[in-house]
Amino acid sequence: MSHPLTRVLTLLELLQSNARLTGAELADRLDTDVRTVRRYTAHLRELGIPVQAERGRYGGYRLARGYRMPPLVLTNDEALAVVLGLLAAERLGMGTAAPASAGALSKIERVLPHALREPLAAMRETLSFTANAVIGQAPGTGVLLALAQASRAHTTVGICHQSWRQEHTERDIDPYGVVFHTGRWYVVGHDHLRDSLRTFRIDRVTSATARARHFTAPDGFDPVAHLTSTLAQGPYRWQVEVTIHGPLDEVARRLPRSAVTLTAQPTGILMHARAERLDGMAHLLASLEWPFTIHHPGELRQALKNLANQLMEAAERASGEIPR
């Protein structure tokens, strides 16, 4: 932080973020001395920014009460972080019902200085992704924020919910956590109507109202683990059970959490999964670098043999030969 202008802007940011800081505290944050801090505050006053100094043992510097800076003061790094965050959220389907990301990006670009606006526009226009875009199921902004606040405050919330059958119900839930997963938002918690642990898609919640009642979440409860385990138990044709002879942490990184559950066993990692097609499961297992043992279904063995035959034919096929 060598440039004086950088220190002055940092001083302004510190004053915006804190109710009051002493000269010594500011000098320590700015890596300078108290006399220089007084000079920087004078520069801010010359720019029309009302910095007030309070003398005495408990004195310090603060912005005048009621004063508000312009809505956006970002460094280059901060502006880039915001723009990349908005682009990534759009790619992941992590939006809300209103086109908030596009509106926020447009506002940011309008208020930024030209020297910064042009490089960020170039980043937005030239950035490419290796993964396909996710089409998100957008929830209402008010509902999403209400559920997040209730989860943090451990407050029961009343929701109006619409099922996939278009059935409407009103119920109270204790939200243990909000989870975003593959383009959809979920809330996990205790459902007072069914008196059980339930998972709800937030885009199907039409309203959320805080109740004057608090709850205590179960010790060690993991909303992400519960959600992925629940989704892995969806209605599929095949129940798969395989032991993978490899380290749990590395195996877990290679397999989709939404599709499998893994349990450490003395002989290896027991994988439970459900699949609609066994050829896809055969490809998944074949992509692993560790040996595995199939417990069931027996049809999975034939799917692996079919895959092995396809690979053998490809390996032996001469250049220019057309596959049969």
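1. A salt-bridge network. Arg-171, Asp-191 and Arg-198 are joined in a network of salt bridges. This is a predicted model, and the network should be read as a feature of that model. Within the network, the side chains of Asp-191 and Arg-198 pair at 3.5 Å, N to O. Asp-191 is buried, with a relative accessible area of 0%. Arg-198 is partly exposed, at 28%. In general, side chains of opposite charge can pair when their charged atoms come close.

2. Other salt bridges. A search of the whole structure gives eight salt bridges. One of them joins Arg-211 and Asp-172, at 3.1 Å from N to O. This pair ties together distant parts of the chain. Arg-211 sits in strand S7 (residues 205-214) and Asp-172 in strand S4 (residues 168-181), 39 residues apart. Arg-211 is partly exposed, with a relative accessible area of 35%.

3. Asp-203 with Arg-201. These two side chains also form a salt bridge, at 2.9 Å from N to O. Which partner is buried, and which is partly exposed? Arg-201 is buried, with a relative accessible area of 16%. Asp-203 is partly exposed, at 24%. The cut-off for buried is under 20%, so the two residues fall in separate classes.

4. Confidence. The protein chain has an average pLDDT of 84, and 90% of the residues score at least 70. Among its elements, strand S3 (residues 155-162) has the highest mean pLDDT, 95. Helix H5 (residues 100-111) has the lowest, 73. Where pLDDT is low, the predicted coordinates should not be read in detail.

5. Overall make-up. The secondary structure of the protein chain consists of eleven helices and eleven strands. The chain has 324 residues, and 33% of them count as buried. Contacts between residues at least 6 apart in sequence were also examined. Of these, 60% join residues at least 24 apart.

6. Helix H11. This helix covers residues 299-316, 18 residues in total. From first C-alpha to last, H11 reaches 26 Å, close to the 26 Å expected at 1.5 Å a residue. Its buried residues are Leu-300, Ala-303, Leu-304 and Leu-307. Seen down the axis of H11, they fall within an arc of 100°, so they line one face of the helix. On the other side of H11, Lys-305 and Glu-316 are exposed.

7. What covers H11? The cover over its buried residues includes strand S8 (238-244), helix H10 (278-286) and strand S11 (292-296).

8. The largest nonpolar core. This core has 21 residues. Which of them touch the most other members? They are Val-240, Val-242, Ile-244, Met-271, Met-281 and Leu-300. At least two residues of the core come from each of S8, strand S10 (268-275), H10 and H11.

9. Met-271 and its contacts. Residues up to four places away in sequence are not counted here. Met-271 touches Val-240, Glu-241, Val-242 and Ile-244. Its contacts also include Leu-255, Val-260, Thr-261 and Leu-262. Met-281 and Leu-285 are on the list too. Another core, of 16 residues, lies apart from the largest one. Among its members are Leu-14, Leu-15, Val-37 and Tyr-61.

10. A cis peptide bond. The bond from His-296 to Pro-297 is cis, with omega near 5°. Pro-297 is in the loop between S11 and H11. Most residues other than glycine have a negative phi, and most peptide bonds are trans.

11. Asp-31. This residue is not a glycine, yet its phi is positive, at about 60°. Where is Asp-31 found? Asp-31 is in the loop between helix H2 (23-30) and helix H3 (34-46). Asp-31 counts as exposed, at 63% relative accessibility.

12. Asp-195. Here too the residue is not a glycine and has a positive phi, about 55°. Asp-195 lies in the loop between strand S5 (184-191) and strand S6 (196-201). Buried or exposed? Asp-195 is exposed, with a relative accessible area of 58%.

Methods:
Residues are numbered from 1 along each chain as its sequence is written. This is a predicted model: local features need pLDDT of at least 70, side-chain atom pairs count only at pLDDT 80 or more; totals for chains, interfaces and linings use all residues. Side-chain values use heavy atoms; hydrogens and water are left out. A salt bridge is a side-chain nitrogen of Lys or Arg within 4 Å of a carboxyl oxygen of Asp or Glu. Helices (H or I, at least four residues) and strands (E, at least two) are DSSP runs, numbered from the N terminus. Buried means under 20% relative accessible area, exposed over 50%, partly exposed in between (1.4 Å probe, protein chains only). The expected span of a helix is 1.5 Å times one less than its number of residues. The arc is that of the directions from the helix axis to the C-beta atoms. Contact means heavy atoms within 4.5 Å. A nonpolar core is a set of buried Ala, Val, Leu, Ile, Met, Phe, Trp, Tyr and Cys residues joined through side-chain atoms within 4.5 Å. pLDDT is the predictor's confidence in each residue, from 0 to 100.
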